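Biologist: I'm new to reading structures, and I'd like a close look at just one part. Could you walk me through chain B, from its overall build down to single residues?

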Amino acid sequence: MRSELLERAVPWIASFALLLLWEIGCTLFNVPEFVLPKPTVVAAALVQWAGPIWFHASHTLVTTILGFAISVVAGVLIGIAVGSSRLAYRGFYPMLVGFNSVPKVAIVPVLVIWFGIGTLPAVLTAFLMSFFPIAVNVATGLATVEPEMEDVLRSLGAKPRDIIVKVGLPRALPYFFASLKVAITLAFVGSVISESIASNRGIGTMMVQASSDFRIALVFAGLIVTAVMGIAMYAGFAMLELRTTRWATRRMDFDADD
Amino acid sequence: MGSLLQMRGVRLTYGRRRPTLALEGLDLAIDEGAFVAVVGPSGCGKSSLMKLVTGLRRPTAGSIAVAGKEVNGPLKIVGMAFQNPTLLPWRTTLSNVMLPLEIVEPHRQRLRRERARYRQQANALLALVGLENFGEKYPWQLSGGMQQRASLCRSLIHEPALLMLDEPFGALDAFTREELWDVLQELWMRRRFTTVLVTHDLREAVYLADTVHVMSSRPGRIISTHDVPIERPRRPRMAYEPRFVDIVAGIREEIRGKREERSPTAAAEEPA
């Protein structure tokens with residue numbers, strides 16, 4: 001019972017300890033505020049600028065979710081295509097890997113040329129950052145169907161589509177949900193990158209402006225808000241994962257004798 | 001009764017650039033309603049035989065006919081079970097057993113309207129193998145032997161004319177295995193589906209089958225056929241009677257003899 005309580009409390013304790021260390025360190029070594037503001041100062045900035053922060057953060061949140069939604073749809077479709085056909089796998093996989101290796105910062109200027117400054121490049125950057133893990137995981141789930149299972153179904157006259165629907169996709173679900181957790185955090189990175197380069201709204205824009213105004217506390221406030229949004233989305237998808245794919249985590253143990 | 005399965009001069013090679021000869025000159029005929037076992041050393045192409053009969057692979061040469069018709073695609077009248085039970089972990093046992101009904105015509109069409117009747121059928125089959133209260137459990141809540149029972153049910157739910165078993169009891173402990181021999185025998189005696197059991201366990205082959213075909217090592221072909229004139233139902237203690245032991249020993253000698261005969265030159269020349 002006590003260990004369970006501890007397990008629940010420990011993420012909070014650890015985070016609090018880090019903040020405490022940060023605070024003490026800054027005070028002890030007399031770190032100038034424009035280099036590293038103390039957590040208390042950042043907290044004060046959070047309160048003081050709550051209005052603008054919310055304005056920008058909510059915009060980033062919407063941008064990220066839009067980009068993420070596109071990447072879920074595109075990632076699943078690409079994953080199904082790549083995972084269910086050997087030919088598509090061989091043809092597209094190298095391309096996907098190559099594309100994923102390109103730093104997305106380098107793509108933002110191109111997107112700006114195509115779509116102008118604003119929300120659209122940010123949505124697209126979020127999408128480009130985050131679709132890859134989804135596609136790869138869905139493809140992996142589909143490609144690792146047991147050959148015997150496939151034989152059983154094929155011998156019954158199942159079409160490739162039957163096998164994907166009955167076995168491949170359910171099998172890929174745990175992989176899919178695991179990838180969502182990674183993808184949502186990447187989507188945040190994407191939208192914030194794009195906002196800080198080419199936008200007039202969003203938490204990224206706010207941080208760049210605050211930085212050029214030497215409001216370092218506000219920059220840190222922005223970082224923390226981004227991190228908290230990331231954690232919240234991650235936790236949401238982790239919970240969804242646990243609920244939808246209970247069979248893969250097998251928490252319950254039943255006694256079975258034969 | 002006529003032959004349900006006819007294989008004549010079947011050859012199968014794998015790979016294009018450096019083809020491996022898996023089967024060569026294989027002849028086999030199996031009567032309708034028979035229980036046949038195919039035994040042989042490991043790597044003799046027993047599993048290739050399964051794939052050919054079920055239409056999952058085409059032979060490189062020769063002909064395969066099931067129920068008088070040349071096999072040129074997957075056969076729906078076949079049920080299959082393997083050493084690995086391959087149950088889907090996200091489905092309950094009952095729903096796993098009913099999986100073939102979602103695929104095979106005409107059940108596929110009828111399933112939605114007559115779900116209750118099909119469920120009843122599946123439950124009856126589960127009861128027959130001793131799993132009456134486990135339909136709603138998930139496969140991972142069952143022991144290995146119970147999973148294999150469920151897998152047997154899945155291979156039989158669409159009432160196949162031909163049941164193909166590829167070492168179905170290979171991964172089980174000795175007690176569970178012998179229990180499942182009786183389960184399978186009981187099922188077969190009730191329903192008389194033609195059964196081909198591929199195994200390397202000679203005692204299993206003799207206990208279950210009426211005819212045991214012996215395959216040579218690669219390239220595989222049938223080198224001899226033994227009848228098992230022991231009445232049914234066979235009981236575990238019969239496995240210790242001299243007539244049973246003699247048949248097993250005879251087949252074992254034969255396989256060992258072939259191996260010794262071949263081994264000095266086997267690598268150098270393959271018999272045509």
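Modeller: Here's a tour of chain B, going from the whole chain to its sheet, its core and its contacts with chain A. Keep in mind that this is a predicted model.

Let's start with the overall build. Chain B is made up of 8 helices and 10 strands. Its radius of gyration is 19 Å, close to the 19 Å that the globule rule gives for 272 residues, so chain B is as compact as a globular protein of that length. If you follow the C-alpha trace along its principal axes, it spans about 60 × 45 × 35 Å. Of the 272 residues, 43% count as buried. Now take the contacts in chain B with a separation of 6 or more: 72% of them link residues 24 or more positions apart.

Next, zoom in on a sheet. Four strands of chain B form an open sheet in the order S2-S1-S4-S5, and their pairing is antiparallel. The edges belong to strand S2 (20-31) and strand S5 (69-70) of chain B; each has a single partner strand, so one side of each is left without a neighbour in the sheet. Strand S1 (residues 3-14) of chain B is joined to S2(B) by 8 bridges, and the two run antiparallel. Want one pair to find on screen? B:Gln6 has B:Ala29 in S2(B) as its bridge partner. Helix H1 (residues 46-53) of chain B lies across S1, S2 and strand S4 (61-66) of that chain, running at about 120 degrees to S1(B).

Now for the inside. In soluble globular proteins, nonpolar side chains tend to be buried together. Here, the largest nonpolar core has 81 residues, and those with the most contacts inside it include B:Ala37, B:Cys153, B:Met164 and B:Val212. Try clicking on B:Val212: leaving out residues up to four places away in sequence, it touches B:Ala37, B:Val39, B:Ala205, B:Val206, B:His226, B:Val228 and B:Ile251. Apart from this core lies another, of 52 residues, with A:Val123, A:Phe132, A:Val192 and A:Leu218 among them.

Finally, look at where the chains meet: 27 residues of chain B are in contact with 21 residues of chain A. On the chain B side, strand S6 (78-82) and helix H5 (144-156) each supply at least two residues. The largest share, 3 residues, comes from S6(B). Sort the side of chain B that touches chain A by class and you get 17 nonpolar, 8 polar and 2 charged residues.

Notes: Residues numbered from 1 in each chain as written. Chains lettered and ligands numbered in written order. Predicted model: local features only at pLDDT ≥ 70, side-chain atom pairs only at ≥ 80, totals over all residues. Contact = placed C-beta atoms within 7 Å. Nonpolar A, V, L, I, M, F, W, Y, C, P; charged D, E, K, R; others polar. Core = buried A, V, L, I, M, F, W, Y, C linked by C-beta atoms within 7 Å. Buried ≥ 20, exposed ≤ 12 C-beta atoms within 10 Å, placed from the backbone. Rg over C-alpha atoms; globule rule 2.2 N^0.38 Å. Pairing = 2+ DSSP bridges. Axes fitted to C-alpha atoms, helices over the stretch in contact; angles between N-to-C directions.
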